[in-house]
Amino acid sequence: MLRMLTAALLANAAIHPTNAAAQAAPAAATSHDALALELAQLGQPTALFVEGVLMGYDLASMEQKPDADAAEVEKEFPGFMAKVQQRGRAELERLMTERAPGLHRQLADLYAANLTDPQMRDMMAFLRTPTGLKFVRSMMLSSSGANSAEDLKLTAEEVAAENRAAASETMKKLSGDEWLELMKFATSPAGQANRALAEKAQPLVATSMTAIMTEFTKRMEPITMDILESYIKAKAD
């Protein structure tokens, strides 16, 4: 599940703007915040964010075996599990779309507090290149970690592990020239700053995804009961 958030970590750094500079130029501070939000949205496109999560959900749905209770209900009402999965997918898509702006805002706050404007512009310049776009898409849609779709509590260490797995898989998809371009960015001041901020970003990502999946589980309880009641009613009629 967390693999689709890895690309957002690309835009990390560890240089704090001074308070004096912020007080001396409030207009520039507003521009700085806007730049941070743009960077968050570019590194974590909502459409890919949602698509990546749904890929994990679909794979988990195909591989997950129903427990004894669910199997009994399915036996009584054929098609029940498929209906739950269908409604669950729609609800998860709705939830992820709702939460994407909040995640962007959290990432933007992290970037604004730790990045200079030139660093953010350098990162966005790379993310807009064909290699950067390919890297983001591959990271967010990587198949690694897809079975984590049902995780309810995730740690920063698990996020880091998912990121490493996704990065390893992504690197295999790059051509020689793309790899060289990525390495050029990675060794640049902006790329080096990215690594410095990764440890701060990982707990944020873990907390965000844990909250999202907890809310999804909460929403699915009444949805499942509604589906079951509809089957019972249809059988009674």
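Glu76 is partly exposed, its relative accessible area being 42%. In this predicted model, Glu76 takes part in a salt bridge with Lys235, and the closest N and O atoms of the two residues are 2.1 Å apart. Because Lys235 lies in helix α10 (residues 189-236) and Glu76 in helix α4 (residues 68-76), the pair ties together parts of the chain that are 159 residues apart in sequence. Lys235 has a relative accessibility of 54% and therefore counts as exposed, the cut-off for that class being over 50%, whereas the 42% of Glu76 places that residue in the partly exposed class.

The count of salt bridges in the model comes to 12. Another of these contacts is formed by Glu51 and Arg137, whose closest N and O atoms are separated by 3.7 Å. Glu51 belongs to helix α3 (residues 46-63) and Arg137 to helix α7 (residues 130-140), so that this contact ties together parts that lie 86 residues apart in sequence. Both partners fall into the partly exposed class, with a relative accessibility of 32% for Glu51 and of 41% for Arg137.

Helix α7 also contributes Lys134, which forms a salt bridge with Glu178 at a distance of 2.9 Å between the closest N and O atoms. The pair links distant parts of the chain, since Lys134 is located in helix α7 and Glu178 in helix α9 (residues 176-186), with their positions 44 residues apart in sequence. The surroundings of the two partners can be described by their accessibility: Lys134 is partly exposed, with a relative accessible area of 32%, while Glu178, at 17%, is buried because its value is under 20%.

Salt bridges may also share partners, and in this way Glu91, Arg94, Glu98, Glu215 and Arg219 are joined into one network.

A further relation between distant positions in the sequence is given by Met225, which is found in helix α10, the helix that also holds Lys235. The C-alpha atom of Met225 is separated by 9.6 Å from that of Val84, although the two residues are 141 residues apart along the chain. With a relative accessibility of 42%, Met225 counts as partly exposed.

Terms used:
Residues are numbered from 1 along each chain as its sequence is written. This is a predicted model: local features need pLDDT of at least 70, side-chain atom pairs count only at pLDDT 80 or more; totals for chains, interfaces and linings use all residues. Side-chain values use heavy atoms; hydrogens and water are left out. A salt bridge is a side-chain nitrogen of Lys or Arg within 4 Å of a carboxyl oxygen of Asp or Glu. Helices (H or I, at least four residues) and strands (E, at least two) are DSSP runs, numbered from the N terminus. Buried means under 20% relative accessible area, exposed over 50%, partly exposed in between (1.4 Å probe, protein chains only).
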